[in-house]
Amino acid sequence: MMRDVHLAPETDEDDLYSGYNDYNPTFDTEDLENDAAFQQALRTSHGRRPPVTAKIPGTSSSRPLATGFGSKTMLSSMGRPMTGAIQDGVARPMTAVHAAGYTKGAMRGSAFDPLGQGRGPAPPLEMKNEDSPEEKMKQLEKKVNELVEESCIANSCGDLKLALEKAKEAGRKERVLVRQREQIASAENINLDLTYSVLFNLASQYAANEMYAEALNTYQVIVKNKMFSNGGRLKVNMGNIYLKQRNYSKAIKFYRMALDQIPGVHVEMRIKIMHNIGVAFIKTGQYADAVNSFGHIMGTSPNLKAGFNLILCYFAVGDRDQMKRAFQMLIAVPLEIDYEDKYISPNDDPHTNLLIEAIKKDNLREMEHERKTMAEKYIMTAAKLIAPAIETSFAVGYDWCVEVVKASHYVELANDLEINKAIMYLRQKDFNQAVETLKMFEKKDSRVKSAAATNLSFLCYLENELTQASNYADLAVNSDRYNPSALTNKGNTVFASGDYEKAAEFYKEALRNDSSCTEALYNLGLTYKKLNRIDEALDCFLKLHAILRNSAQVLYQIASIYEIMEDPNQAIEWLMQLISVVPTDSHVLSKLGELYDNEGDKSQAFQYYFESYRYFPSNIEVIEWLGAYYIDTQFCEKAIQYFERAALIQPIQVKWQLMVASCYRRSGNYQKALDTYKEIHRKFPENVECLRFLVRLCTDMGLKEVQEYVTKLKRVEKLKEMREQRVKSGRDGSARGRREGSAGGDTGSTKGERLSVKLRSLSGANEPYESSSNKEIDASYVDPLGPQAERPKTAIRKKTEEDDFADEELGEDLLPE
């Protein structure tokens, strides 16, 4: 309610002070408290209007504004202050800088807010009662959500144990929360979404930790609870667990139940479940049912995996026609990529070219490349699988696959299939057909020509046709200078010719083109080894070891280099690593035994030599060392079995049988030694050493056969002298006669030979044997143990007794001259 406004009458112009005490009654604020209408307006919503806070600058809050007919100030603009004007010491804020208005201090007590009823600071918020049950439940619910998130993060980081612990803790706190809500409210207020997420996460973590029984129980709790509307879909997860447990029948059952729970609009999910059902049928050998599943997928939403599995099923049942049909369906699967068209610049615009270069390496391009690579892998594998089965021969089958591929957008795979055809010929050892197939590519494009020429070079190198191998290697390099395999083959041909420096250059160039070419790096190490650049060779093999951690060849080369560098400790360490990779390699075990033997550790050497003999009991060097070891340790009986093994391996070498007889004689079994010598004489009737020991043994044992063996010995020695004379009279027999004469002299000069650790001193060790066919047999023997070590004296026997035959004096008529 507004009061009437009265204007002051005109005053006498002569009165200079007239009108100063007159003012507009509207601004009379003294009686507003007693004005009932004004107070009613303030109390109602009609009167709650923003107070007029502006006033004319320079006027006092208690002085009314003078108004007269001569004043040009309008009533409607009396209260609007000037922007930025100073009022009561408080500046009005600039427009558009922040919200316009005055502070409570500037408004209180002014003429426009006489009652001091301007808006002040908001009252303080009501403090939350943290002890209230509702607040406690909210905090507990927040904690449960945090634990679920932490569990998921730990799982993504690979810490499965921590993820499971967090999931269990979240489950415990969530059950406490449910009980508290049931106590203070009805069951309708329970947060089902939180319960579902906690149980689902717990089941997932159980499955990730391979605790399948607990995971199935947790999933069963979710599935059986009717309050979870989408819980039935988790039967897919249960089917996956049964599939991992190889319980394929239950897996199929749960997959089918999950398929019934998923609506038809979720096509992709249904396709994935049907694919899992097909895989389970393949695992159980039910190929017909698997064909139905994969056939439905290929008819509804074809994909590469389903197409490849369908081919596998038809291959398993042997259906040729369906294999062809399935292969055509696999070829026709759309990849939904634009191939290379969008990466070709339509003009020479620099901006466009930069943009194209940028998108060539982005994530989308990488994804397209991976998808295309996977498609090519499936197609190549399927072609190699069905080519021998769909036609009468694999060559005809490959030809059919090549024609189908040429009619698709995988045209570049046709040449790769042709090369695979040549490789199949190689596996069947049909080298001529392989070469003919590869020669067809000599007029193809550079990439295919280089690949074919590389394979041809490899074939010729294996057949030791180095000239042809070099020519094809040159052709491969000229066709594609950046082909590391071609450069490696070229280096191999140069290496075979002995030009190691040039070979190293080819290997280095191959590595510059492809740093992961392990063949070039290995061959470079061998080249440096040939050039005696040991440090560089070691560096190459150590780099290769970083790439191929368990390569036996690399480990052996490193050990070999350390042996060359005369660092046996490092060599033994690397050979120990090699043994962990190939524990049954007899050559490596014998090498370890040799290194320990050189270091003087006989026990370790015996251990590895014995292991080598156990895995490969035909290594003469190992047998020889073991026999010498037992002789050195005075266990001649155990040495017999090794020399008998050597005699079986080399039956025409008389020295092994003589060593067996000598071991019997050394161990005191003279009768067995005599029988062995007689058997040797029967096989080798012209062996002088055998006859000498027969004469000695018969004389010592008083046998009547002694005269018979003496006669034979004289006749054999006479024949030997005649042979030596004939050899000396020949053109090229002088050196040979001297060698045999010295051998005979050494043997004849020894009286009553004793068996010692040196196997060369055994009877007949240096005596050659000539058969009836006049073929000379090398019976020389070099003991691997070196000079004989004197046996330490014991406390019981102060003097080492000589061999029984050492001091035996025979009649002059019984001994050779």
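Buried means under 20% relative accessible area, exposed over 50%, and partly exposed in between, with a 1.4 Å probe and protein chains only as cover. The model is predicted, so local features need pLDDT of at least 70 and side-chain atom pairs count only at pLDDT 80 or more, while totals for chains, interfaces and linings use all residues. Residues are numbered from 1 along each chain as its sequence is written, and side-chain values use heavy atoms, with hydrogens and water left out.

**View A. Val688 in helix H32.** Helix H32 covers residues 688-701 and contains Val688; helices are DSSP runs (H or I, at least four residues) numbered from the N terminus. Val688 is buried because its relative accessible area is 3%. Its C-alpha atom is separated by 9.3 Å from that of Lys712, 24 residues apart along the chain.

**View B. A positive surface patch with Arg179.** The patch is formed by Lys168, Arg172, Arg175 and Arg179. Patch residues have over 30% relative accessible area and no salt bridge; like charges are joined within 9 Å, and nonpolar side chains (Val, Leu, Ile, Met, Phe, Trp, Tyr) within 5 Å. A salt bridge here is a side-chain nitrogen of Lys or Arg within 4 Å of a carboxyl oxygen of Asp or Glu. Lys and Arg count as positive, Asp and Glu as negative, and His and the chain ends are not counted. Charges are placed at NZ of Lys, CZ of Arg, CG of Asp or CD of Glu. Arg179 is found in helix H4 (residues 160-184) and is partly exposed, at 46% relative accessible area.

**View C. A nonpolar surface patch with Tyr461.** Phe458, Tyr461 and Leu462 together have about 290 Å² of accessible area, from the Shrake-Rupley method with a 1.4 Å probe. Tyr461 belongs to helix H18; with a relative accessible area of 31%, this residue is partly exposed.

**View D. Asn492 and its contacts.** Asn492 sits in helix H20 (residues 484-496) and counts as buried because its relative accessibility is 15%. Leaving aside residues up to four places away in sequence, Asn492 touches Tyr461, Tyr507 and Asn523, where contact means heavy atoms within 4.5 Å.

**View E. Positive phi at Arg246 and at Asn464.** Arg246, a residue other than glycine, has a phi near 65 degrees. The loop between helix H7 (235-244) and helix H8 (248-261) holds Arg246, which is exposed at 66% relative accessible area. Asn464 is not a glycine, yet its phi is positive, about 65 degrees. Asn464 is placed in the loop between helix H18 (446-462) and helix H19 (466-479) and is exposed, with a relative accessible area of 60%.

Terms used:
Helix = DSSP H or I, 4+ residues; strand = E, 2+ residues; numbered from the N terminus.
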